[in-house]
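The following exercises concern a single protein chain, to be worked through with the coordinates at hand. Each task is followed by a solution in steps.

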Amino acid sequence: MNVIHLQFTDIALAATLVFANAIASMVLQLRVHRQVLWAAVRMVVQLLLVGYVLRLVFQSQSPGFTVLVAAVMMAAAAREVAVRPEWRLRKGGNYGIAAATVSVSSVATVVLALLTAIRPEPWHDPRYAIPLLGIVLGSVLNSASLGLDSFFDGVAVRRTAIEARLALGDTIHEALRELVRTSIRRGIIPIINQMSAAGIITLPGIMTGQLLAGMDPVESAKYQILLLLLLTGAGALASIGSVLLAARMITDDRQRLRMDRLVHARAARLRA
């Protein structure tokens, strides 16, 4: 494959589009020019920093460095899952759910792919393990956060109806069953949409990158199919796991809905 190396001038030329957006924001008084410029600066710094770190990790081939980078990535993803919902469990409950969901779903999916489909030598080669984990974490983060947000919002809105069903003799599982299903479905739908649009409507990012790097289009399509299947499995596992854990933590063994364990994010920030 013939890789076309980008120069600083190439990136600077692309950056003119960002400056054009900022100028348009000022002319139209959209008041987002500072956010656009700051986001662009953060993006450049973060990606370059990650690039240099990954270069060192790839060159070292150290399992310890690979595990460390993977742990940092999963911790960052878990934090995002925990803080995105508008409602939070007290005593850091969201963080516990996020840590368990992100770690189990992402590690299981990545290890499965490395040991079966991709099979690098060694199997934990950071050149394969870390990029694959990064892709999977994006799907896991989206599915888990959507599932959690939908479930907690549903509990807050339907509290009266849920407690009425409990008063009429339903178990807590029966009272929450439809809400659990709806929340899990909401976490999985974006993955379904992504698969449905791949190929005809959009060329996914990984396939685009491989094509730009010179890979055969059919081979790059095979890799993209594999990745989308992995993302579907990881996202579904994350959505199901996060919602079921949330349902377990918002109830107790006496078949009660424990709304006292739930607090709105705004109230949590005021208390902090």
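**Exercise 1. Characterise the second largest pocket by its volume, its lining and the chemical character of that lining.**

Solution.
Step 1. The second largest pocket holds about 660 Å³ of space. The model is a predicted one.
Step 2. Its lining consists of 21 residues, and those closest to the centre of the pocket are Val 50, Met 73, Ala 76, Gly 134 and Leu 137.
Step 3. Helix 2, helix 3 and helix 5 each contribute at least two residues to the lining of this pocket.
Step 4. Sorted by character, the lining comprises 16 nonpolar, three polar and two charged residues.

**Exercise 2. State the secondary-structure content of the chain and the order of its elements.**

Solution.
Step 1. The protein chain contains 10 helices and two strands.
Step 2. Read from the N terminus, the order of elements is α-α-α-β-α-α-α-α-α-α-β-α.
Step 3. The C-alpha trace spans about 70 × 55 × 40 Å along its principal axes.
Step 4. Of the 272 residues in the chain, 35% are buried.
Step 5. Among contacts with a separation of 6 or more, 71% join residues 24 or more positions apart.

**Exercise 3. Which residues have the most contacts inside the largest nonpolar core, and which helix gives the most to this core?**

Solution.
Step 1. The largest nonpolar core has 46 residues, and Val 102, Phe 151, Val 155 and Leu 176 have the most contacts inside it.
Step 2. At least two residues of this core come from each of helix 3 (63-83), helix 4 (93-118), helix 5 (126-157), helix 6 (159-167), helix 7 (172-197) and helix 9.
Step 3. Helix 5 gives the most to the core, namely 12 residues.
Step 4. Apart from this core lies another, of five residues, including Leu 54, Val 57, Phe 58 and Val 69.
Step 5. For Val 102, residues up to four places away in sequence are set aside; the residues it then touches are Met 74, Ala 77, Ala 78, Val 81, Val 107, Leu 137 and Val 140.
Step 6. As general background, nonpolar side chains in soluble globular proteins tend to be buried together.

**Exercise 4. Are Ser 239 and His 33 buried or exposed, and what does each touch?**

Solution.
Step 1. Ser 239 is located in helix 9 (residues 217-249), and His 33 in helix 2 (residues 33-60).
Step 2. The relative accessibility of Ser 239 is 0%, so Ser 239 counts as buried, the cut-off being under 20%.
Step 3. His 33 has a relative accessible area of 17%, and therefore is buried by the cut-off of under 20% as well.
Step 4. With residues up to four places away in sequence not counted, Ser 239 touches Ser 143, Ser 183, Ile 184, Gly 187 and Ile 188.
Step 5. With neighbours within four places in sequence left aside, His 33 is in contact with Ala 22, Ser 25 and Met 26.

**Exercise 5. Does the end-to-end distance of helix 1 agree or disagree with its expected span, and what is the phi of Gln 29, which follows this helix?**

Solution.
Step 1. At 1.5 Å a residue, the 20 residues of helix 1 should span 28 Å.
Step 2. The end C-alpha atoms of helix 1 are 29 Å apart, which agrees with the expected span.
Step 3. Gln 29 follows helix 1 and has a positive phi, near 60°.

**Exercise 6. Examine the backbone at Arg 31, Gln 61 and Pro 122.**

Solution.
Step 1. Arg 31 is not a glycine, yet its phi is positive, about 65°. Arg 31 is placed in the loop between helix 1 (8-27) and helix 2.
Step 2. Because its relative accessible area is 69%, and the cut-off for exposed is over 50%, Arg 31 is exposed.
Step 3. Gln 61, also a residue other than glycine, has a positive phi near 55°. Gln 61 belongs to the loop between helix 2 and helix 3, and is partly exposed at a relative accessible area of 32%.
Step 4. The peptide bond from Glu 121 to Pro 122 is cis, with omega near 0°. Pro 122 occurs in the loop between helix 4 and helix 5.

Terms used
Residues numbered from 1 in each chain as written. Predicted model: local features only at pLDDT ≥ 70, side-chain atom pairs only at ≥ 80, totals over all residues. Heavy atoms only, no water. Helix = DSSP H or I, 4+ residues; strand = E, 2+ residues; numbered from the N terminus. Buried < 20%, exposed > 50% of the residue type's maximum accessible area, 1.4 Å probe, protein only. Contact = heavy atoms within 4.5 Å. Core = buried A, V, L, I, M, F, W, Y, C linked by side-chain atoms within 4.5 Å. 1 Å grid on protein atoms, 1.4 Å probe; cavity = no way out; pocket = protein on both sides within 12 Å on 5 of 7 lines; lining within 4 Å. Points joined across faces, edges and corners; volume = space filled by probe spheres on them. Nonpolar A, V, L, I, M, F, W, Y, C, P; charged D, E, K, R; others polar. Expected span 1.5 Å × (residues − 1).
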